[in-house]
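Trainee: Before I use words such as buried or salt bridge, I would like to see how each one is justified. Could we go through some examples together?

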Amino acid sequence: MLLPLLAVIAIALVALLGYAASRPDSFRVERSTRITAPAQQIAPLIDDFHAWSSWSPYEKLDPAMQRTYGGAARGVGATYEWNGNSKAGAGRMKVVHADASRVAMKLDFTRPFRANNLAEFTLVPDGDATAVTWGMTGSSPFMSKLFGVFVNMDNLIGRDFETGLAKLKALSERAASPAA
């Protein structure tokens, strides 16, 4: 009785590992919103890491998180390092491109796992508003593929992006309103 059970478990494990190995070698997560404000007003909230505390959902994961800012004050060369609890983890971001239509950052996680990704915000004029897309791309090594079998990373990270974009929208539109 034990031998057939072990054989079934072994076959299921091999099938699971094979399925994980067949998943894509890279990923992209993105979410978009429409903000009734000009791109020139939105981009400084993105390329200045000091402004992230007003809209980024990741800033709220650990109130005691240690933050270090370096490089340029904002824009290309600006850096931001964080070290927080198990939810916030640790890592570093560096702005590698910044203008009114696109802000890109090299994003390196060191904890709870190592990962090197690219975060990118695109800002496209859309009538009286700006279409803003927050995306992240990176490689998917085998352990990420295996984890992805059990956890939908697009939904998990996508929800954070949606929350952050909603806060960025409210902040930008408040600043753009004539009463502001």
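The conversation below takes up strands, the core, the surface and charged pairs in turn.

Mentor: Please keep in mind from the start that this is a predicted model.

Trainee: What makes β4 and β5 a pair of strands?

Mentor: Two strands pair if there are at least two bridges between them. Strand β4, residues 90-99, and strand β5, residues 102-111, are joined by 9 bridges and run antiparallel, so they count as paired. Within this pair, Ala90 stands opposite Arg111 in β5, and a hairpin of 2 residues joins the strands.

Trainee: Which strands continue the pairing from β5?

Mentor: Strand β6, residues 115-126, pairs with β5 in the antiparallel sense over 8 bridges, with Ala104 opposite Glu120 in β6 and a hairpin that has 3 residues between the strands. β6 in turn pairs with β7 over 10 bridges, again antiparallel, and there Phe121 stands opposite Trp134. In the hairpin between β6 and β7, Gly127 takes a positive phi near 65°. Finally, 10 bridges join β7 to β1, also antiparallel, where Thr33 stands opposite Val132.

Trainee: How do you know that β7 is mostly covered?

Mentor: A residue is called buried when its relative accessible area is under 20%, and 8 of the 11 residues of β7 are buried.

Trainee: Which residues have the most contacts inside the largest nonpolar core?

Mentor: They are Ile46, Met105 and Leu168, in a core of 33 residues. Elements that each supply at least two residues of this core include β1, α2, β7 and α4. Leaving aside residues up to four places away in sequence, Ile46 touches Trp52, Trp55, Val103, Met105, Phe121, Leu123 and Leu168. In soluble globular proteins, nonpolar side chains tend to be buried together.

Trainee: Why is Leu6 called partly exposed?

Mentor: Partly exposed covers values between the buried limit of 20% and the exposed limit of 50%; Leu6 has 46% relative accessibility, so it counts as partly exposed. Leu6 lies in helix α1 and belongs to a nonpolar surface patch with Leu2, Leu5 and Ile9, which together have about 400 Å² of accessible area.

Trainee: How do you know that Arg34 and Asp126 form a salt bridge?

Mentor: The rule asks for a side-chain nitrogen of Lys or Arg within 4 Å of a carboxyl oxygen of Asp or Glu. For Arg34 and Asp126 the distance from N to O is 2.9 Å, so the pair meets the rule. This pair links distant parts of the chain, with Arg34 in β1 and Asp126 in β6, 92 residues apart. Arg34, at 36% relative accessibility, is partly exposed, and so is Asp126 at 34%.

Trainee: Is Glu59, which forms a salt bridge with Arg67, buried or exposed?

Mentor: Glu59 has 7% relative accessibility, which is under the 20% limit, so it counts as buried. Its partner Arg67, at 31%, is partly exposed. The closest N and O atoms of Glu59 and Arg67 are 2.6 Å apart, and that is within 4 Å, so the pair counts as a salt bridge.

Trainee: Where do Glu173 and Lys169 lie?

Mentor: Both lie in helix α4, 4 residues apart, about one turn of the helix. Their side chains meet in a salt bridge at 3.0 Å, N to O. By the same rule the count comes to 11 salt bridges, and a network of them links Arg31, Asp154 and Glu162.

How values were computed: Residues are numbered from 1 along each chain as its sequence is written. This is a predicted model: local features need pLDDT of at least 70, side-chain atom pairs count only at pLDDT 80 or more; totals for chains, interfaces and linings use all residues. Side-chain values use heavy atoms; hydrogens and water are left out. Patches are made of residues with over 30% relative accessible area and no salt bridge: like charges are joined within 9 Å, nonpolar side chains (Val, Leu, Ile, Met, Phe, Trp, Tyr) within 5 Å. Accessible areas come from the Shrake-Rupley method with a 1.4 Å probe; for residues, only the protein chains shown count as cover. Buried means under 20% relative accessible area, exposed over 50%, partly exposed in between (1.4 Å probe, protein chains only). A nonpolar core is a set of buried Ala, Val, Leu, Ile, Met, Phe, Trp, Tyr and Cys residues joined through side-chain atoms within 4.5 Å. Contact means heavy atoms within 4.5 Å.
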